[in-house]
Amino acid sequence: MYRTLYSPQGAHINLDGRDIINMASNNYLGLANDPDLVAAAKAAIDTYGVGPSASRNIVGNFAVHDELEEALAKFKGVEAVLVFNSGVAANTGVIPVLVGKGDTIYSDELNHGSIIDGCRLSRATVKVYPHMDLAALEEMLKEPTDGKKLLVADAVFSMDGDLAPLPEMAALAEKYGAMFMVDDAHGDGVMGPYGKGTVEHFHLRDKVTVETGSLSKAFGAAGGFVAGSKAFIEELRPKARSFIFTASPLAPCLTAAALAAIQKIADDDTLVTRLWENRAYFAKRMEDAGLNIGSTVTPVIPVIVGDAEKAEELSARLYEKGVYAQAIKFPVVPRGTARLRIMISAAHSKADLEKAADAIIEITKEMGII
């Protein structure tokens with residue numbers, strides 16, 4: 001059964017009727033209930049109504065859609081952007097346009113499910129390499145193939161919080177003539193200067209063919225997008241099935257909220273800086289206590305306990321102490337690596353982080369985990 005929210009997303013939420021510290025959402029910058037985003041969404045409802053009621057290629061394209069795409073392109077440092085109604089739709093829409101039957105895709109084994117689905121829909125041959133194993137990847141790329149090649153990976157992996165070695169991957173893609181696609185859903189608003197993303201963090205803009213991203217995490221709204229050259233976006237617009245065959249593109253109110261988020265952080269890195277300060281504090285508390293946080297270098301911090309039942313017990317006992325963190329287990333993560341997934345936000349106060357860290361450490365000691 002789902003737990004139910006009776007409040008907006010924030011550092012504190014009303015979950016199943018209880019006021020609790022929220023350590024489980026993707027609200028990295030605390031913008032999901034930001035007054036500026038709320039005001040923008042309300043104004044858009046007054047201007048445009050509620051739903052688009054048609055695909056953007058017919059009569060569902062509102063002025064605010066164009067404004068968001070222009071702002072995103074400037075923010076990401078690309079020629080053009082196309083906004084989808086979800087990150088899943090962006091990935092499943094763009095990959096079959098990049099490659100098809102007779103082509104080859106090289107995909108990290110821990111890539112997001114929407115990348116996996118996009119690969120399947122493309123009908124291209126898919127070669128899966130072990131997580132971030134560049135030697136294995138290069139051996140695959142060396143093998144002779146017909147058709148086009150596409151190397152695709154998440155930039156920030158959502159269950160481990162580790163960072164793909166994008167510079168080395170870009171070099172391999174260039175060496176072996178492959179296109180390079182990066183999904184930065186958990187890097188947008190988080191990585192790089194002003195949260196411009198992992199590609200910007202590594203200074204790889206001219207090495208990446210296509211980038212996909214999310215508006216539903218750090219940007220506090222909903223939706224996804226594809227960023228790239230103007231020529232490719234113009235090709236994508238009439239071909240991406242998840243774009244052209246939806247009568248429900250991103251609602252104008254959510255589009256306006258996402259636009260307000262981009263405008264809010266484009267020239268002010270206060271929230272991004274606070275997020276990383278909070279991340280540093282919490283990760284240190286976990287490491288100093290002897291907890292296993294894996295290879296994370298981002299605000300996604302797993303507390304790996306191994307056994308699925310222990311992860312469930314830890315989550316339940318934390319909830320009783322007023323802290324919510326989701327237990328993650330197989331099949332979302334490999335067997336034997338069950339964990340709590342802690343999601344750090346700029347909205348968390350020092351007191352929130354202290355209470356959550358104290359509770360995790362106390363309970364894991366009682367359970368014999370540390």
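Analyst: A residue is called buried under 20% relative accessible area, exposed over 50% and partly exposed in between (1.4 Å probe, protein chains only). This is a predicted model, in which local features need pLDDT of at least 70 and side-chain atom pairs count only at pLDDT 80 or more, while totals for chains, interfaces and linings use all residues. Residues are numbered from 1 along each chain as its sequence is written, and side-chain values use heavy atoms, with hydrogens and water left out.

User: Why is Arg317 called partly exposed?

Analyst: The relative accessible area of Arg317 is 28%. That value falls between the two limits, so Arg317 is partly exposed. Glu313, at 37% relative accessibility, belongs to the partly exposed class by the criterion just stated.

User: What makes the pair of Glu313 and Arg317 a salt bridge?

Analyst: A salt bridge requires a side-chain nitrogen of Lys or Arg within 4 Å of a carboxyl oxygen of Asp or Glu. The side chains of Glu313 and Arg317 meet at 3.3 Å, N to O, so the criterion is satisfied. Both residues lie in helix H12 (residues 308–320), four residues apart, or about one turn of the helix. Helices here are DSSP runs (H or I, at least four residues), as are strands (E, at least two), and both are numbered from the N terminus.

User: How do you know that Arg56 and Glu69 meet in a salt bridge?

Analyst: Their N to O distance is 2.7 Å, which is inside the salt-bridge limit. The pair links distant parts of the chain: Arg56 is in the loop between helix H1 (35–48) and helix H2 (63–76), whereas Glu69 is in helix H2, 13 residues apart. Arg56 is buried, given its relative accessible area of 9%, and Glu69 is buried at 7%.

User: What makes Arg285 and Asp358 a salt bridge, and where do the two residues lie?

Analyst: The side chains of Arg285 and Asp358 approach to 2.7 Å, N to O, in a salt bridge. Arg285 belongs to helix H11 and Asp358 to helix H13 (residues 350–366), 73 residues apart, and the pair links distant parts of the chain. With 21% relative accessibility, Arg285 counts as partly exposed. Asp358 is partly exposed as well, with a relative accessible area of 41%.

User: Why are H11 and H13 described as they are in relative direction?

Analyst: The axes of the two helices come within 10 Å and cross at roughly 20°. Axes are lines fitted to C-alpha atoms, for helices over the stretch in contact, and angles run from 0 to 180 degrees between N-to-C directions. Angles under 35 degrees count as roughly parallel, over 145 as roughly antiparallel, 65 to 115 as roughly perpendicular and the rest as oblique. H11 and H13 are therefore roughly parallel to each other. The residues making the contact (heavy atoms within 4.5 Å) include Tyr281, Phe282 and Arg285 of H11 and Leu353, Ala357 and Asp358 of H13.

User: What is the handedness of the crossing of H11 and H13?

Analyst: H11 passes H13 in a right-handed crossing. A crossing is left-handed if the near helix is turned anticlockwise from the far one by less than a right angle, and right-handed if clockwise. The crossing of H1 and H10 is right-handed too; those helices pack at an angle of about 145°, with their axes 7 Å apart. Among the residues that meet there are Ala40, Ala44 and Tyr48 in H1 and Ala256, Ala260 and Lys264 in H10.

User: How do you know that Arg279 has no salt bridge?

Analyst: The nearest side chain of opposite charge, Glu287, is 6.3 Å away, which is beyond the salt-bridge limit. Lys and Arg count as positive and Asp and Glu as negative, while His and the chain ends are not counted. Arg279 lies in helix H11 (residues 270–288) and is buried. Leaving aside neighbours within four places in sequence, Arg279 contacts Thr296, Val297, Thr298, Pro299, Ile301 and Ile344.

User: Why is Gly189 called buried?

Analyst: Gly189 has a relative accessible area of 0%, so the residue falls in the buried class. Gly189 sits in the loop between strand E7 (179–183) and helix H7 (198–201). Beyond residues up to four places away in sequence, Gly189 touches Leu29, Gly195, Ala218, Phe219, Ile265 and Val272.
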